[in-house]
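Colleague: Could you take me through this model and show how each label is earned? I'd like the cut-offs next to the values.

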Amino acid sequence: MDTNRLSKAITDILNNQVKKEAEAAQIYLSYATWADSEGYAGVANLLFRHSGEERDHMMKVIDYIQERGGRAKVTALSAPPKDPKNLQECFEKIFQHEVDNTNAIYEIVSLSHDEKDWATWNFGQWFVKEQIEEETLVMDLLDKLKIAGGAKATSESLLYLDSKIGQQDDDADLARDASVESPQ
Ligand code: FEO
């Protein structure tokens with residue numbers, strides 16, 4: 001008896017996401033080692049931790065495929081991009097990467113909607129919310145860098161920024177949790 005509850009198209013798009021999340025972990029890992037070499041220990045710490053989060057995302061997708069009777073695929077990964085020139089470029093590239101990943105998640109949700117695969121649609125909603133958080137987190141990094149002076153930031157302000165980033169939470173505050181008493 002075939003107990004696979006996933007269509008071929010859904011299995012393929014989910015397996016593609018397994019690869020994307022694994023590659024995201026490698027990207028963050030690579031940027032973390034770059035930041036550490038440049039002396040940005042706080043930024044490196046955040047990026048190392050985030051690499052672990054991306055592995056968790058990969059695991060969630062693998063687990064979901066298997067749970068629904070499909071077979072998750074573990075494949076070769078693309079090499080991470082070359083080192084950024086500076087912190088500004090590092091954060092901009094990460095932001096673009098997260099936007100690309102959001103679009104990939106939207107494709108999964110969209111296909112599951114077309115197929116009326118409500119289990120996968122429901123599973124995808126966790127990632128939709130997670131991507132809002134991830135984009136917000138990186139937007140916040142870009143905002144902080146802008147306030148520190150952007151490309152013209154002094155060594156002192158970058159040092160201060162780096163120590164602050166190293167201590168910040170991994171999760172961003174979202175609009176859905178805001179109230180008049182507690183705006184975000
Ligand atoms: Fe797994 Fe940064 O999204």
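**Labels and cut-offs**

Modeller: Let's start with Lys 129, which is partly exposed, with a relative accessible area of 32%. Before going on: this is a predicted model, in which local features need pLDDT of at least 70 and side-chain atom pairs count only at pLDDT 80 or more, while totals for chains, interfaces and linings use all residues. Residues are numbered from 1 along each chain as its sequence is written, and side-chain values use heavy atoms, with hydrogens and water left out.

Colleague: Why is Lys 129 called partly exposed?

Modeller: Buried means under 20% relative accessible area, exposed over 50%, and partly exposed in between (1.4 Å probe, protein chains only). Lys 129 has 32%, so partly exposed is the label.

Colleague: What makes Lys 129 and Glu 133 a salt bridge?

Modeller: The term asks for a side-chain nitrogen of Lys or Arg within 4 Å of a carboxyl oxygen of Asp or Glu. Here the closest N and O atoms are 3.5 Å apart, so the pair qualifies. Glu 133, at 12%, is buried. The two are four residues apart in helix α4, so about one helical turn separates them. By this rule the count comes to six salt bridges.

Colleague: Which other pairs are there, and what are their distances?

Modeller: Among them, Lys 8 pairs with Asp 12, with closest N and O atoms 2.5 Å apart. Lys 8 is exposed at 61%, whereas Asp 12 is partly exposed at 35%. Another is Glu 89 with Lys 85, at 2.9 Å. Glu 89 counts as buried at 17%, while Lys 85 is exposed at 67%. Lys 85, Glu 89 and Lys 93 are linked in a network of salt bridges.

Colleague: How do you know that Glu 134 has no salt bridge?

Modeller: Lys and Arg count as positive, Asp and Glu as negative, and His and the chain ends are not counted. The nearest side chain of opposite charge to buried Glu 134 is Lys 129, 11 Å away. Set against the 4 Å limit, that is no salt bridge. Glu 98 is also buried without one, its nearest opposite charge being Lys 20 at 10 Å.

Colleague: What does Glu 98 pair with in a polar contact?

Modeller: Gln 131, side chain to side chain, at 3.1 Å. A polar contact is a pair of N or O atoms within 3.5 Å; within protein, one must be able to donate a hydrogen and the other to accept it, and residues adjacent in sequence count only if both atoms are side-chain atoms.

Colleague: How do you know that α3 has the span expected of a helix?

Modeller: Helices are DSSP runs (H or I, at least four residues), numbered from the N terminus. The expected span is 1.5 Å times one less than the number of residues. For the 28 residues of α3 (87–114) that gives 40 Å, and the end C-alpha atoms are 41 Å apart, which agrees. For the 31 residues of α4, both the expected span and the end C-alpha distance are 45 Å.

Colleague: What makes a nonpolar core?

Modeller: It is a set of buried Ala, Val, Leu, Ile, Met, Phe, Trp, Tyr and Cys residues joined through side-chain atoms within 4.5 Å. The largest has 24 residues, and Val 43, Leu 47, Leu 87 and Phe 91 have the most contacts inside it. Helix α1 gives the most to this core, with six residues. A second, separate core of 18 residues includes Ile 10, Leu 14, Tyr 64 and Val 109.
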